[in-house]
Amino acid sequence: MPEDDKFLKGQLLLDSGQLRGSFFQRAVVLICQHDAEGAFGLVLNRSTGNNVGEVIVANLPEILKNSPLFLGGPVQPSALSFLHTDTFLPDANVMPELNMGHSLDDLMELGESFSPTRKIKLFAGYAGWSGGQLEDEMKRKAWLTHPASIELVFDTNTDQLWQRILQQKGWKYKLLSQMPEDLSQN
């Protein structure tokens, strides 16, 4: 078995129902990097409620200013990351046709160039794990895994992302997807 098989880069992590009361309750995290040193991910379904232009002080192209800003995780909330896809990205670094970047210059270049098939999603902060930490959380069954796809990253309503993926995973997870977010709502 190849060594890389134990790493989760390009996979989605979903709260298994054990993270109630934490930042990661009902979170869907795209793992962008994972190796023996640790893991880096972006929470796909936490909107900040702001557009990028309301938060980032830079002369951004209008298309970027009007994009929603997501909270990528609780670590370094002032750090900027972005995911982008296009029809052909030969140097994609997360999974086929999906690239992650952190450079404001690269983001500006993407925003200023035209491509009808490009999609960009911007994040403040990230989710990070030190070496072995994510593996320990996986052993404790805090997370479920699911294959990532461009559709799930960019084209699925973020408010329903956690529930939708659980329902795709089959009958075993349907009950979990229907539980109220706050158990006191019963």
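Which residue of S7 does Leu83 stand opposite? Leu83 faces Met100 in that strand. Keep in mind as you read that this is a predicted model.

## Strand S6 and its partners

Let's stay with the strand pairing for a moment. Strand S6 covers residues 75-85. S6 and S7 run antiparallel, joined by four bridges. S6 also pairs with S8, again in the antiparallel sense, and here there are seven bridges. If you want a spot to look for on screen, try Val75, which stands opposite Tyr126 in S8.

His84 sits in S6 too. Is His84 buried or exposed? His84 has a relative accessible area of 7%, and buried means under 20%, so His84 counts as buried. Setting aside residues up to four places away in sequence, His84 touches Leu89, Glu97, Leu98, Asn99, Leu110, Lys119, Ile120 and Phe154.

## Strand S3, covered on both faces

Now move to strand S3, residues 38-43. Six of its six residues are buried, so S3 is largely enclosed by the rest of the structure. You can check this face by face: Gly38, Phe40 and Leu42 are buried on one side, while Ala39, Gly41 and Val43 are buried on the other.

Which strands does S3 pair with? One is S2, which runs antiparallel to S3 over six bridges. A hairpin of two residues links S2 to S3, and His34 stands opposite Ala39 of S3. The other pairing to look at is with S8, residues 119-130, antiparallel over four bridges. There, Gly41 has Ala127 of S8 as its bridge partner.

## The nonpolar cores

The largest nonpolar core has 27 residues, and Leu12, Leu30, Leu44 and Leu83 touch the most other members. Two or more residues of this core come from each of S1, S2, S3, S7, S8, H5, H6 and H7. Helix H6 gives the largest share, with four residues.

Leu12 is a good residue to zoom in on. Not counting neighbours within four places in sequence, Leu12 is in contact with Val28, Val29, Leu30, Leu44, Leu144, Thr145, His146, Pro147, Ala148, Leu152 and Ile165. Apart from the largest core lies another one of 14 residues, including Phe24, Val43, Ala127 and Ala142.

## Helix H6 and Gln163

Helix H6 spans residues 161-168, and its buried residues are Leu161, Trp162, Gln163, Ile165 and Leu166. What covers them? The cover includes strands S1 (11-15), S2 (28-35) and S9 (143-147), along with helices H5 (150-154) and H7 (171-178). Just after H6 comes Gly170, which takes a positive phi of about 110°.

Gln163 is worth a closer look. This residue of H6 is buried, with a relative accessible area of 14%. Leaving out neighbours within four places in sequence, Gln163 is in contact with Arg26 and Ser177. How far apart in space are Gln163 and Ala36? Going from C-alpha to C-alpha, they are 31 Å apart, and in sequence they are 127 residues apart.

## Empty space: a pocket and a cavity

Rolling a probe the size of a water molecule over the atoms shows where empty space is left. The largest pocket holds about 330 Å³ of space. Its lining is made of 19 residues, and Ile63, Ser67, Arg118, Lys119 and Ile120 lie nearest the centre. Helix H2 (62-65), strand S5 (68-71), helix H3 (104-112), S8 and H5 each give two or more residues to this lining. S8 gives the most, with four residues. Sorted by class, the pocket lining has 10 nonpolar, six polar and three charged residues.

How many cavities of 30 Å³ or more does a search of the whole structure find? There is one. The largest cavity has a volume of about 60 Å³. Asp15, Gly17, Arg20, Gln25, Arg26, Trp162, Leu176 and Met179 line this cavity. By class, its lining comes to three nonpolar, two polar and three charged residues. You have already met two of these lining residues: Trp162 is one of the buried residues of H6, and Arg26 is in contact with Gln163.

Terms used: Residues numbered from 1 in each chain as written. Predicted model: local features only at pLDDT ≥ 70, side-chain atom pairs only at ≥ 80, totals over all residues. Heavy atoms only, no water. Buried < 20%, exposed > 50% of the residue type's maximum accessible area, 1.4 Å probe, protein only. Contact = heavy atoms within 4.5 Å. Pairing = 2+ DSSP bridges. Core = buried A, V, L, I, M, F, W, Y, C linked by side-chain atoms within 4.5 Å. 1 Å grid on protein atoms, 1.4 Å probe; cavity = no way out; pocket = protein on both sides within 12 Å on 5 of 7 lines; lining within 4 Å. Points joined across faces, edges and corners; volume = space filled by probe spheres on them. Nonpolar A, V, L, I, M, F, W, Y, C, P; charged D, E, K, R; others polar.
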